[in-house]
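Here is a structure to question label by label. Each turn asks for the reason behind a term.

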Amino acid sequence: MEFGFTEEDEAFRSEVREWLAGHADGAQDRRSWERTLGKSGWIGLGWSEAGYGNRTATLTQQVVWAEEYARSGAPARSGHIGEKLLAPTLLAHGSEEQKARFLPPVAAGDELWCQGYSEPGAGSDLAGVRTRAVRDGDGTYRISGQKIWTSLAHEADWCFVLARTDAGSSRHRGLSFLLVPMDQPGRIEVRPIRQLTGTSEFNEVFFDGAHARAEHVVGGEGNGWRVAMSLLGFERGVSTLAQQVGFAQELTRVVRAAVRSDAVADPVVRALLVRQWAELRVMRWNALRTLGGSGDTGAPNVAKLLWAGWHQRLGELALLVRGAEAAVGPREWSPESPYELDELQYLSLFSRADTVYGGSDQVQRTIIAERVLGLPREPKGVV
């Protein structure tokens, strides 16, 4: 079930490891790191054949890059939304002018993106869009509304926004996919959301007459739902295998904590640790089975269900194996440092959101039931 890596793939792996070893430790801020990646040709490996990326790489080489990056301990990416979501969407639905304008800056690490999908009150219901975009006489759209849980909006230069351009429409009809510049003082406000972990990767974004140009509507006005659904299909691909490398590293830390605390003496704890290890292997085999395939309807939804529950259980286990120590922070409390977590505490708290963001478990099961198994749709108005 494993990939059959060729000699060329292994040579590529050696090149990747050597480069990361020489650059990852010296990385500074995340934006500078994106430019370093772009300058050395590591952004856009999956879409270079279209002429906008930095180098050509096969699917297996993309897997090599993703896995070795995760193993290297290199900084978390700020540019992955532009590279992994926007870029393939533009390649599939964008005009030649849109590709020429937006793909090169993403490949160079010069422009960062965020995703304007979720809205307050809509939960995981993407079709419940209330943000509106009204077209002026000069062709400019004016956007009003609010998005929430917008990852890295405080760092982004641009946002792709799903907005309602047909005032009389409802649900998935009358939506458009707009590319919106974030530098619009007085028209766009970003408010960080402080999370359980004490960090603020997510944000609220308020649009008050923000401008978007007519030529920056992807796929044509009113076709936003089709474009948005296409983008969601790109969210889980090669990156799933890299994610699992990170999961394996976290599992190793939990096992080491269990050994230090002697929690492994408990047969129940041992069984839970073995279960996590076995399920992680199953997830990898499933990812390899579906990677690069087509027509496997529901595979992304199954993958999301698998890893979200697994990671949440790992977070619970991370505290269980440490006992009472898990409730104590790594440093003494002080006004200057009021909220400190160690790695396993952060894992436990952040993983609580895994079964909600990116489509809740309930939404994933509904999609599988209705679109894959062909079961009757859930009756409207039933609680």
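The turns below deal with a predicted model.

Q: What is the mean pLDDT of the protein, and which elements have the lowest and highest means?
A: The mean pLDDT of the protein is 86. Of its residues, 92% reach 70 or more. Among the elements, helix H6 (residues 224-234) has the lowest mean, 80. Strand S6 (residues 188-192) has the highest, 95.

Q: How do you know that the span of helix H1 agrees with its number of residues?
A: Helix H1 (residues 7-23) has 17 residues. At 1.5 Å a residue, they should span 24 Å. The end C-alpha atoms are 25 Å apart, which agrees.

Q: Which residues of H1 are buried, and what puts them on the same side?
A: The buried residues are Asp-9, Phe-12, Arg-13, Val-16, Trp-19 and Leu-20. They cover an arc of only 135° around the axis, so they sit on the same side of H1. On the other side, Glu-7, Glu-18, Ala-21 and Gly-22 are exposed. The cover over the buried residues includes helix H2 (30-39) and H3.

Q: Why is Glu-67 called buried or exposed?
A: Buried means under 20% relative accessible area. Glu-67 has 2%, so Glu-67 counts as buried. Glu-67 lies in helix H3 (residues 59-72). Leaving aside residues up to four places away in sequence, Glu-67 touches Arg-13, Leu-241, Ala-242, Val-245 and Arg-284.

Q: How many aromatic pairs are there, and why is the pair of Trp-42 and Trp-65 called stacked?
A: The count comes to 16 aromatic pairs. The ring centres of Trp-42 and Trp-65 are 4.6 Å apart and the planes are at 5°. The cut-offs are 6.5 Å for a pair and under 30 degrees for stacking. The pair is therefore stacked.

Q: What makes this pair a tie between parts of the chain?
A: Trp-42 lies in the loop between H2 and H3, and Trp-65 in helix H3. These parts are 23 residues apart in sequence, so the pair ties them together. Both Trp-42 and Trp-65 are buried.

Q: Why is the pair of Phe-102 and Trp-113 called edge-to-face?
A: Planes over 60 degrees apart count as edge-to-face. Here the planes are at 75° and the centres 5.5 Å apart, so the pair is edge-to-face. The pair links distant parts of the chain, 11 residues apart: Phe-102 in helix H5 (residues 96-108) and Trp-113 in strand S1 (residues 113-116). Phe-102 is buried, with a relative accessible area of 0%. Trp-113, at 1%, also counts as buried.

Q: Which residues do ring pairs link into a cluster?
A: The cluster holds Phe-12, Trp-19, Trp-33, Trp-42, Trp-65 and Tyr-69.

Q: How do you know that Arg-55 and Lys-304 lie over rings?
A: The distance cut-off is 6 Å from the ring centre. Arg-55 lies over the face of Trp-42, at 3.8 Å. Lys-304 lies over the face of Trp-307, at 5.2 Å.

Q: What is notable about phi of Trp-149, and why is this residue called partly exposed?
A: Trp-149 has a positive phi of about 60°, although it is not a glycine. Trp-149 is in the loop between strand S3 (141-147) and strand S4 (158-164). Exposed means over 50%. Trp-149 has a relative accessible area of 49%, so Trp-149 is partly exposed.

Q: Why is Leu-152 called buried or exposed?
A: Leu-152 has a relative accessible area of 7%, so Leu-152 is buried. Leu-152 lies in the loop between S3 and S4. Phi of Leu-152 is positive, near 60°, in a residue other than glycine.

Conventions:
Residues are numbered from 1 along each chain as its sequence is written. This is a predicted model: local features need pLDDT of at least 70, side-chain atom pairs count only at pLDDT 80 or more; totals for chains, interfaces and linings use all residues. Side-chain values use heavy atoms; hydrogens and water are left out. Helices (H or I, at least four residues) and strands (E, at least two) are DSSP runs, numbered from the N terminus. Buried means under 20% relative accessible area, exposed over 50%, partly exposed in between (1.4 Å probe, protein chains only). Contact means heavy atoms within 4.5 Å. The expected span of a helix is 1.5 Å times one less than its number of residues. The arc is that of the directions from the helix axis to the C-beta atoms. pLDDT is the predictor's confidence in each residue, from 0 to 100. Rings of Phe, Tyr and Trp (its six-membered ring) pair if their centres lie within 6.5 Å; planes under 30 degrees apart count as stacked, over 60 as edge-to-face and the rest as tilted. A charge sits over a ring if NZ of Lys or CZ of Arg is within 6 Å of the ring centre and within 35 degrees of the ring normal.
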